[in-house]
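This briefing covers a predicted model, and its points are grouped by topic for use alongside the sequence and coordinates.

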Amino acid sequence: MFPPPTLKGGGRIPAQVMLGVLAQESNMWEAEPGVIPGQMGSPLAATAGFYGHKGSDPADYWKIHWDKSDCGYGVGQVTDGMRLAGHEKPGETSLPPATQKAVALDYTVNVAASMYILADKWNELHTSGQTITVNNDDPSRPENWFAALWDYNLGFNPVSEASKNNGHWGLGWYNNPANPFYPPSRLPFMDTSVDPNASRDAAHPQDWPYEEKVMGWSAWSIDTGHSYSTDGRQDWPGESGFSSAGFRPSWWVDAGQRSKIKPPLDAFCNTANHCNVSSPPDCPNAECYQQYWWNGSNVTWKKDCATTCGHEDIKYATLRAEPGRGYRLQYGTPVCSGAPSGSLVVESDPAGTDTWSDCGKTKTDGSFEFTFRPDSDGQYEAKGDLFQIGGGYQGHFWYAHERDKDHLGGPAGPLTVLGTWKLNKPVAEKQAKVYVHIPDTGAQTKQAVYEIDTAEGIVKKTVDQSANKSNSWVSLGAYRFNDKTPEVRLSNTTGSGTADKDIAWDAAAFVPGDYGIPDAGVGGLVLPDADNNAPDVDFIDDDKEKQPNPDGVITTPLPGLIRSAEAGKAQHCVTKDGLRECVTNTTTVDPSLFARAPRLAPRAAGPNGTLVTWCGTDPSVSGYTLERREACLMFAVLISVDRVDNGKVTHIGDATFLVRHETKLANSYKNTMREILAVSALTIDSTLGTVSLESWNSDCAPNCKVEYSSSWDGSTMWTGLSDHHWAAAGKTTTWTKPDEGTEQTFDRKFWLDFKPSAATGSLKITQPTVTYFSQVRCDNSVYVNNSTGCVFKKHIPKFTLNTAKYPVAAAYYWLLREQLPSHPSSEKEKKPLHREIDDSVRQANRNTICPTSWQTNSKATPEITKPGTSGVDCDEFPFAATKESGGQFVQSGDECVQLYAQKNNDGKWRLYYDERYPDPTWKELCGRASMSAKQNQGLGGRLGNFYTKARVADNDAFYIEAPGLEGCTIGEVCEVRP
């Protein structure tokens with residue numbers, strides 16, 4: 001393809017010059033950096049250049065711009081001729097496709113192509129009318145290639161195009177050694193004879209022009225970190241003959257002349273190009289630099305080059321066969337056998353693919369494919385971060401970099417790569433053990449999450465790929481597949497992937513057999529036996545969910561302080577005795593400001609001490625927030641005072657006060673409400689003097705009165721910007737008509753009076769009223785056993801299922817909540833259930849869904865609660881005691897989803913479709929199950945207890961929560977732990 005190139009004037013390229021180019025272009029890598037020397041792998045094609053990447057922001061950088069691609073391949077980063085036909089750059093001719101492929105994949109062809117390009121640059125500078133030579137122009141001497149290397153990297157501006165460049169031609173200014181972009185005091189690149197630390201020069205290569213770096217590599221070589229014998233054997237550190245030099249460097253008769261491979265700064269900056277090395281040009285644009293292009297016919301800094309210039313050093317004086325594949329590699333040797341006995345292996349490439357390793361052509365029992373996510377331009381950015389390696393099982397695997405959402409991974413991430421292994425048919429045994437092969441390179445992640453698609457659902461197994469050091473098979477467990485074709489998936493998305501660790505896709509293996517795995521249940525749920533000793537749920541003390549901003553509280557948000565220009569926005573403004581005083585409330589306050597308040601003394605809290613412990617201490621709480629019997633309101637009072645004189649308004653000052661109002665309702669069998677008000681000054685302009693809190697006024701109606709008011713704990717007077725102390729007081733209010741069978745909903749309100757000392761006369765500033773509309777409900781009703789108590793009716797309580805004591809019934813309710821289209825009892829979907837108190841309606845619901853004539857499924861596992869019973873009940877959902885019961889919407893329970901609960905031989909419970917009925921469409925409105933009597937009756941009895949303790953009245957809303965199940969996902973196997 002590429003016979004030896006011909007140089008004008010004769011001769012050839014010195015070996016070390018060509019090797020210096022290869023060292024500079026690629027570190028002497030033909031393959032991409034993830035390939036271990038001695039392995040096969042993807043060709044080196046700089047990701048940024050190949051895909052036309054640009055920009056510093058990752059999201060922008062990974063965008064693909066094919067029009068910006070440079071198409072540089074392999075050890076020589078060959079670019080010329082490598083573009084597709086029809087997409088060449090000006091003046092370029094594409095190589096034939098077969099030649100392009102050879103350049104990309106075969107390092108010998110790539111080196112030959114690189115030599116052609118370099119020889120072309122030499123010849124270009126030896127063309128009549130534009131000749132530029134160095135020293136004695138002997139091509140066998142490395143120094144004399146200085147100008148050709150300049151041309152190789154930057155290109156040449158020929159005489160023929162001088163008219164386009166203001167009459168100028170020659171070698172461009174950027175690579176001129178005198179360019180001040182490069183430190184003028186720099187020493188020769190990699191010259192350890194003058195700088196002991198010169199081996200670190202490669203860490204900052206931008207300090208030398210291209211041709212000086214190539215000269216440095218040719219004179220001092222490159223340390224590759226690896227050592228190989230002529231026949232491809234890897235030598236390891238400490239062994240005889242170990243040498244990590246990439247090649248033999250050139251040699252000089254005099255060591256001092258080696259350092260002079262770098263020309264002096266004025267060699268290419270002198271009168272010939274109007275350049276002064278003591279004050280090199282600093283141009284505002286590219287056109288300005290044209291006048292400094294170098295086109296001198298000869299530059300000589302070694303007058304006796306025949307003796308002072310370098311010589312090439314040929315290691316192989318006679319023709320030698322190619323070493324072939326590396327062997328005795330410390331890492332990376334392909335593994336051709338050793339799959340688990342009896343396994344069906346799915347490889348990472350198609351059957352018949354030649355791996356060019358000792359493993360020969362790929363053999364596979366299935367298929368492997370990748371899925372990529374298109375970006376907003378329809379491009380597949382992730383392909384730029386995916387590579388293949390000639391290692392692992394059967395000599396081939398893929399790798400990419402692990403990524404989380406912040407690093408462009410995740411379900412919709414443009415750099416997400418999803419690989420899928422799939423057998424070519426189901427396994428006759430219905431079950432199989434699953435293995436994956438982890439290669440000993442390209443696998444660094446500790447959190448590779450494999451997904452096994454089983455008959456029961458998706459099972460996720462996390463594997464530490466970095467723990468494997470020797471090409472081994474890792475078991476993911478045995479699973480039931482039934483008639484499904486076994487399939488395993490792996491994504492490069494991980495929980496904390498930062499794109500700096502590799503994740504590998506090698507082979508997967510499936511070993512069919514009978515592993516005693518029960519048949520798959522519905523929803524992927526695998527449930528334990530009941531824990532009879534599990535404590536019961538306290539439906540009040542355990543329901544600590546805080547529900548923010550319920551309807552019915554009136555405040556006026558107004559961010560920031562009120563200034564005189566904003567007075568018209570305030571809620572209350574009063575003008576008297578020449579003063580205008582305006583005030584408003586706002587809940588847009590940083591909740592951390594309230595954390596400064598000390599917990600209150602008993603006299604402020606009332607006889608029982610502190611009230612709502614989380615009010616002002618929980619950073620997630622702001623504004624108005626409820627629990628079932630506790631409430632917290634935090635807001636600011638904004639005060640502004642102006643002087644008004646004959647229509648002229650003069651601003652006097654502003655103040656801001658923090659107010660925290662806590663309310664706690666009594667436990668069951670009581671009819672009291674206790675509250676605390678805490679107040680602190682946030683800011684007070686000195687022009688207002690001292691601001692005092694004159695009074696805390698409150699009202700409650702109807703049929704309630706204040707039974708107790710504490711004195712203030714702390715002074716109610718504040719002065720200046722630094723006075724932030726807190727004052728607090730407490731009150732107890734009683735419902736005065738707790739008659740049997742009655743209930744009462746209250747409107748409560750309060751307001752504060754402030755007075756600045758700068759406000760003359762009797763005028764007080766009244767803070768706008770905070771009104772709680774219909775927030776508190778007290779009752780003494782038959783549906784809570786004729787007891788007296790109060791709740792915040794706007795709070796929607798939760799019926800927390802005791803998953804430990806009743807796991808199967810809880811899972812049944814959770815499954816229907818998630819799967820039914822109405823999502824009954826789902827807080828996420830805002831679909832609460834509502835209590836039905838009418839006994840006749842509840843019984844009718846029960847008779848519709850679970851009539852006494854209905855027979856439970858004989859496969860359901862019984863748990864007898866009473867002698868003489870079957871131990872299996874009919875369990876319905878939504879409950880008969882709710883407005884959403886299926887009995888309100890269907891004619892028969894046969895229209896519901898039909899399930900039964902069974903304990904399997906592995907000791908686990910599962911839910912199954914009742915085969916006596918068609919499989920559900922999951923468009924049904926209800927569910928019916930043959931359920932363990934112990935589970936059904938136990939958890940059903942807790943529903944009544946919940947109604948009582950949470951004081952759930954007729955038509956009150958409530959949600960269901962199932963601890964231990966809330967993290968499960970439909971379609972994924974979820975084993976609930978006791």
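The side chain of asparagine 285 reaches the backbone nitrogen of glutamate 287 at 3.3 Å, and a polar atom of that side chain also lies 2.8 Å from the backbone nitrogen of cysteine 288. The points below place asparagine 285 in its surroundings, and then turn to strand β10 and to the second largest pocket.

**Asparagine 285**
- Asparagine 285 sits in the loop between α8 (255-259) and α9 (286-289).
- Its relative accessibility is 40%, and because buried means under 20% and exposed means over 50%, asparagine 285 counts as partly exposed.

**Strand β10 and its partners**
- Strand β10, which spans residues 397-403, is mostly covered, with 7 of its 7 residues buried.
- With strand β9 (residues 387-389), β10 pairs in the antiparallel sense over 3 bridges, and in this pairing phenylalanine 387 stands opposite tyrosine 399 of β10.
- Strand β17 (residues 498-505) also runs antiparallel to β10, to which 5 bridges join it, and here the bridge partner of tyrosine 399 is alanine 504.

**The second largest pocket**
- The second largest pocket has a volume of about 650 Å³, and of the 25 residues that line it, the closest to its centre are Thr79, Asp80, Lys89, Ile117 and Lys121.
- The elements that give two or more residues to this lining are α5 (107-124) and α6 (146-154), and the largest share, 5 residues, comes from α5.
- By residue class, the lining of the second largest pocket divides into 8 nonpolar, 9 polar and 8 charged residues.

Conventions. Residues numbered from 1 in each chain as written. Predicted model: local features only at pLDDT ≥ 70, side-chain atom pairs only at ≥ 80, totals over all residues. Heavy atoms only, no water. 1 Å grid on protein atoms, 1.4 Å probe; cavity = no way out; pocket = protein on both sides within 12 Å on 5 of 7 lines; lining within 4 Å. Points joined across faces, edges and corners; volume = space filled by probe spheres on them. Helix = DSSP H or I, 4+ residues; strand = E, 2+ residues; numbered from the N terminus. Nonpolar A, V, L, I, M, F, W, Y, C, P; charged D, E, K, R; others polar. Buried < 20%, exposed > 50% of the residue type's maximum accessible area, 1.4 Å probe, protein only. Polar contact = N/O pair within 3.5 Å; in protein donor to acceptor, adjacent residues only side chain to side chain. Pairing = 2+ DSSP bridges.
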